[in-house]
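Let's take a walk through a protein chain together. Have a look at the sequence and the fold first, and then we'll go through them step by step.

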Amino acid sequence: MTDLLILYSTTDGHTRRVCDVLATELERLGNQVTVADMLDQPQPDPADFDKVVLGASIRYGKHARVVSDTIARRLDALQSRPSVFFSVNLVARKPNRNQPDTNPYVKKFLAKIAWRPDHVAVFAGKLDYPAYALTDRLVIQLIMWMTRGPTDPTTVREFTDWDQVKAFAGLIDGLSAGA
Ligand SMILES: Cc1cc2nc3c(=O)[nH]c(=O)nc-3n(C[C@H](O)[C@H](O)[C@H](O)COP(=O)(O)O)c2cc1C
C-alpha cells in the first residue's frame, strides 16, 4: 500500500478542505494517507513516505513563508520520490488563470523554488466576505471589482471545482512510487 503525505498551508481552512477531499479520494483508491499542517510541530518528514503532496493558499499575492521554508528544508526528500504541488487562490476562478503556466502566482512561485514537482495544479478558492476583517474585505472587493467578480459583501462562494480536485487525486494515484 502506498504511504502518502499531504502537507498543507492554510489561513481560513479552505486548503485543508481541498486536502480532505484529496485524502478521501486517494484512500478510496487504496492509498494510506496522512494529512498535516506545515506548521505542525514536529512536521511529518516527507522522507518517511512514498509520495508527497504540498498544497497552499495565496494571501496578498503569496503563499505563506512556511511553504518555501518547507520546500527548502525537505528538498532532497521531495526530489527523490513522486511529489506534487497545488495552489489555491481566487484568481484561478478565471478559466484563463487556472493552469500552472497561466496562474500568475504559481508561475512566479515555481520560478523561485528549486523543487520540480511531478505535477502542479491550481484550484479556485473560496470567497467569504462576512468572515473577513474590514480591511481584508475592502481589498478583496477591490480585486474582485477589477477582475469582474462578486463585490456584494454578503457573498460566500466556493469557486473550487471538486471534480478537478478528484481528478488530481487520480493523477497522484497513477504516479509510480518508483518514479
Ligand atoms: C486577506 C486575503 C487575501 C487574499 N489575497 C488573494 C490574492 O492576492 N490573490 C488571490 O487570487 N486570492 C487571494 N485571496 C483568496 C484566497 O486565496 C482564497 O480565499 C483561498 O480559498 C483561501 O484559502 P485558505 O482558506 O486555505 O487560506 C485572499 C484571501 C484573503 C482572505
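**Charges, fold and rings**

Let's start with charge: the chain carries 22 positive and 21 negative side chains, and the centres of these two sets sit 9 Å apart. Keep in mind that what you're looking at is a predicted model.

Now for the backbone. You can pick out six helices and seven strands in the chain. If you start at the N terminus and read along, the elements come in the order β-α-β-β-α-α-β-α-β-β-α-β-α.

What about overall size? Along its principal axes, the C-alpha trace spans about 50 × 30 × 30 Å. A compact globule with 179 residues would have a radius of gyration near 16 Å, and the chain has 16 Å, so the two agree. Of the 179 residues, 46% are buried. On the outside, the chain exposes about 9100 Å², and carbon and sulfur atoms supply 51% of that area. How does the chain touch itself? Take the contacts with a separation of 6 or more: 77% of them are between residues 24 or more positions apart.

Next, let's look at the aromatic rings. You describe a pair of aromatic rings by the distance of the centres and the angle of the planes. The count for this chain comes to six aromatic pairs. One of them is Phe86 with Phe123: the ring centres are 5.4 Å apart and the planes are at 50°. Planes under 30 degrees apart would count as stacked and over 60 as edge-to-face, so an angle in the rest of the range counts as tilted. That's why the pair of Phe86 and Phe123 is called tilted. Phe86 belongs to strand β4 (residues 83-89) and Phe123 to strand β5 (residues 119-124), so to speak of distant parts of the chain is fair: the two are 37 residues apart.

Are these two rings buried or exposed? A residue counts as buried if its relative accessible area is under 20%. Phe86 has 0% relative accessibility, so Phe86 is buried. Phe123, with a relative accessible area of 1%, is buried as well.

Phe123 has another partner, Phe168: here the ring centres are 5.7 Å apart and the planes are at 75°, so this pair is edge-to-face. Because Phe123 lies in strand β5 and Phe168 in helix α6 (residues 162-174), the pair ties together parts that are 45 residues apart in sequence. Phe168 is buried, just as Phe123 is. Elsewhere, ring pairs link Phe85, Phe109 and Trp115 into a cluster.

Let's finish with a few details of the backbone. Which residues does a cis peptide bond join? They are Gln41 and Pro42, with omega at about -5°. You'll find Pro42 in the loop between β2 (32-37) and β3 (51-57).

Follow the chain past β3 and you come to Tyr60, in the loop between β3 and α2 (65-73). Tyr60 isn't a glycine, yet its phi is positive, near 45°. Arg148 is another non-glycine residue with a positive phi, about 60°. Look for Arg148 in the loop between α5 (134-146) and β7 (156-158). Is Arg148 buried or exposed? Its relative accessibility is 78%, so Arg148 counts as exposed.

Note on methods. Residues numbered from 1 in each chain as written. Predicted model: local features only at pLDDT ≥ 70, side-chain atom pairs only at ≥ 80, totals over all residues. Heavy atoms only, no water. Helix = DSSP H or I, 4+ residues; strand = E, 2+ residues; numbered from the N terminus. Rg over C-alpha atoms; globule rule 2.2 N^0.38 Å. Buried < 20%, exposed > 50% of the residue type's maximum accessible area, 1.4 Å probe, protein only. Contact = heavy atoms within 4.5 Å. Areas by Shrake-Rupley, 256 points an atom, 1.4 Å probe, with all protein chains shown as cover. Lys, Arg positive; Asp, Glu negative; His and termini not counted. Charge placed at Lys NZ, Arg CZ, Asp CG, Glu CD. Phe/Tyr/Trp six-rings, centres within 6.5 Å; stacked < 30°, edge-to-face > 60°.
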